[in-house]
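Open the model in your viewer and show it as a cartoon, with side chains hidden for now. The stops below are meant to be taken in order.

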Amino acid sequence: MATISENGDLAHMRAALGLARRGLGQVWPNPAVGCVIVKDGRVVGRGWTQPGGRPHAETVALAQAGAAAQGATAYVTLEPCSHHGKTPPCADALVQAGIARVVAAVEDPDPRVSGNGLRRLREAGVAVELGLGAEEAEEINAGFFLRVRQGRPLITLKTATTLDGRIATHGGESQWITGEGARAHGHRLRAEHDAILVGAGTALADDPMLTCRLPGLEQRSPVRVVLDGHLRLALTAKLVATAQQVPTWLVCLPGNDAARIAAFRSCGVQVIEIPPDKEGYPDLKSVSLALGDRGITRLLVEGGARVTAAFLRHRLVDRLAWFRAPRLMGGDGMPAASAFGVDVLGQTPHFRRSNMAEAGADLIEYYERV
């Protein structure tokens with residue numbers, strides 16, 4: 001069997017991982033995959049999963065490589081698929097193209113694949129190596145993996161606060177705590193997620209669009225999800241008025257007026273009924289599973305204090321994106337999270353910082369749940 005070169009192979013896998021990231025937020029329910037095909041030290045094909053999840057990365061790269069794929073090495077960030085869906089298996093396509101060697105970062109946890117793609121390649125005489133770039137590949141597709149294993153998306157809680165954790169004045173003024181650079185980072189986060197969620201309070205108070213407004217990335221806006229148990233959102237709200245252009249989903253409790261539900265649906269809004277939790281709100285664990293069932297792999301939560309507290313209370317926050325401005329507000333301001341049932345330190349959700357960046361005067365910290 002061929003062995004991994006720590007220089008050439010690693011460089012090509014890093015390129016494939018970079019390509020994979022281009023698909024984040026655009027390819028659900030599929031994983032975001034990158035593929036680089038190399039022949040005699042020269043890159044002959046590059047591809048990444050296309051919007052909507054197809055064509056797959058390998059298909060795009062093979063089409064670009066053409067006849068040069070014969071005898072080449074393919075670097076793929078995820079095990080090539082082996083099942084027939086809306087497209088033929090990528091493992092078969094690699095074999096038919098004459099690929100001699102496949103370097104794959106991680107095995108696909110999807111039970112329809114899960115080792116079968118690599119086995120099919122080996123049985124066809126293709127040399128296979130697994131594990132190069134595995135940590136970054138798993139990070140890129142953490143949402144896809146979580147949906148396969150637990151049925152729910154990866155959930156990132158994003159908040160913008162003062163240094164002492166306040167999101168607004170006592171009168172509700174919050175625009176803008178952070179500066180323009182931090183807001184641009186926030187829009188990039190939206191572009192990299194499949195869906196964005198807010199509570200009805202935020203939707204009613206701000207009448208937001210919840211779209212990505214970075215130049216050139218306007219078409220990468222996520223699905224907009226509003227937790228609105230009693231369907232209080234106005235039919236004239238921007239989220240409803242633009243539902244034909246950018247998908248809007250309302251999560252409500254059972255038993256709302258049928259005519260009102262029909263009115264929302266006639267505007268292009270998808271209404272999802274979820275049973276209540278003990279407090280009478282849509283049960284968040286059921287909400288997360290419902291979103292996963294609809295294909296969402298990466299969810300960005302931009303809720304207010306109550307929604308933030310609810311996700312923390314239910315232990316549903318996998319990552320934090322904490323935007324911090326060099327301001328202080330003290331007890332006069334509204335906290336980032338309302339009370340969610342902490343009596344002792346052992347009950348606090350625990351996170352570790354994974355990255356940090358500056359955006360003008362503001363600081364952006366990224367955390368992962370421990």
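The tour goes through two sheets, their strands and helices, the nonpolar cores and a cavity. Keep in mind that this is a predicted model.

**Stop 1: the sheet of 5 strands**

Select strands β1 to β5. They form an open sheet in the order β2-β1-β3-β4-β5, and the pairing is mixed. Colour β2 (42–48) and β5 (127–130) separately: these stand at the edges with a single partner strand each, so each has one side without a neighbour in the sheet. From one strand to the next, the twist averages 15 degrees.

**Stop 2: β1 and its two partners**

Now select β1, residues 34–39. Is this strand enclosed or open? Of its 6 residues, 5 are buried, so β1 is largely enclosed by the rest of the structure.

On one pairing, β1 meets β2 in the antiparallel sense over 6 bridges. Show Cys-35 and look across to Gly-47 in β2, which stands opposite. Then follow the chain through the hairpin of β1 and β2, where 2 residues lie between the strands. Asp-40 in this hairpin takes a positive phi near 55 degrees.

The pairing of β1 with β3 is also antiparallel, with 4 bridges. Two pairs of residues are worth labelling here. Val-36 stands opposite Tyr-75 in β3, and Val-38 has Thr-73 as its bridge partner.

**Stop 3: Thr-73**

Stay on Thr-73, which lies in strand β3 (residues 73–76). Why does Thr-73 count as buried? Its relative accessibility is 13%, and the cut-off for buried is under 20%. Show the residues around Thr-73: leaving aside neighbours within four places in sequence, the contacts are Val-36, Ile-37, Val-38, Arg-101 and Val-103.

**Stop 4: the helices on this sheet**

Go back to β1 and β3, which pair in the antiparallel sense. Add helix α1, which packs on the sheet and touches β1, β2, β3 and β4 (101–104). The direction of α1 makes about 145 degrees with that of β1. Next add helix α2 (residues 57–65), which packs on the sheet as well and touches β1, β2 and β3. Here the angle is taken against β2, and again it is about 145 degrees.

**Stop 5: the nonpolar cores**

Select Met-13, Ile-37, Ala-74, Leu-94, Ile-99, Val-102 and Leu-121 and show their side chains. The largest nonpolar core has 42 residues, and these are the ones that touch the most other members. Which helix gives the most to this core? Helix α1 (residues 8–21) does, with 5 residues. Another core, of 34 residues, lies apart from it; Ile-155, Val-223, Val-251 and Trp-322 are among its members.

Return to Ile-37 and display its surroundings. Not counting residues up to four places away in sequence, Ile-37 touches residues including Arg-42, Val-44, Ala-61, Leu-62, Ala-65, Ala-74 and Ile-99.

**Stop 6: the sheet of 9 strands**

Move to the other sheet. Its 9 strands make an open sheet with mixed pairing, in the order β11-β10-β9-β8-β12-β6-β13-β16-β15. β11 (270–273) and β15 (351–359) stand at the edges; each has a single partner strand, so one side of each is left without a neighbour in the sheet. Neighbouring strands are turned by 20 degrees against each other on average, direction ignored.

Select β6 (residues 154–161), a mostly covered strand with 7 of its 8 residues buried. β6 runs parallel to β12 (residues 298–301), joined by 4 bridges, and Leu-154 stands opposite Arg-298 in β12. β6 also runs parallel to β13 (residues 319–324), with 6 bridges; label Lys-158 and Ala-321, which stand opposite one another.

From β13, step on to β16 (residues 362–369). This pairing is antiparallel and has 6 bridges. Arg-319 has Glu-368 in β16 as its bridge partner.

**Stop 7: the cavity**

How many cavities of 30 Å³ or more are there? The count comes to 1. About 60 Å³ of space lies in the largest cavity. To find it, select Leu-24, Val-27, Asn-30, Thr-297 and Arg-298, which of its 14 lining residues lie nearest the centre. Arg-298 is the residue already seen in β12, opposite Leu-154.

Note on methods:
Residues are numbered from 1 along each chain as its sequence is written. This is a predicted model: local features need pLDDT of at least 70, side-chain atom pairs count only at pLDDT 80 or more; totals for chains, interfaces and linings use all residues. Side-chain values use heavy atoms; hydrogens and water are left out. Buried means under 20% relative accessible area, exposed over 50%, partly exposed in between (1.4 Å probe, protein chains only). Two strands pair if DSSP finds at least two bridges between them. Contact means heavy atoms within 4.5 Å. Axes are lines fitted to C-alpha atoms, for helices over the stretch in contact, and angles run from 0 to 180 degrees between N-to-C directions. A nonpolar core is a set of buried Ala, Val, Leu, Ile, Met, Phe, Trp, Tyr and Cys residues joined through side-chain atoms within 4.5 Å. On a 1 Å grid over the protein atoms alone, a cavity is a set of points where a 1.4 Å probe fits but cannot get out, and a pocket is an open set with protein on both sides within 12 Å along at least five of seven lines; lining residues have an atom within 4 Å of a point. Grid points are joined across faces, edges and corners, and a volume is the space filled by probe spheres set on the points.
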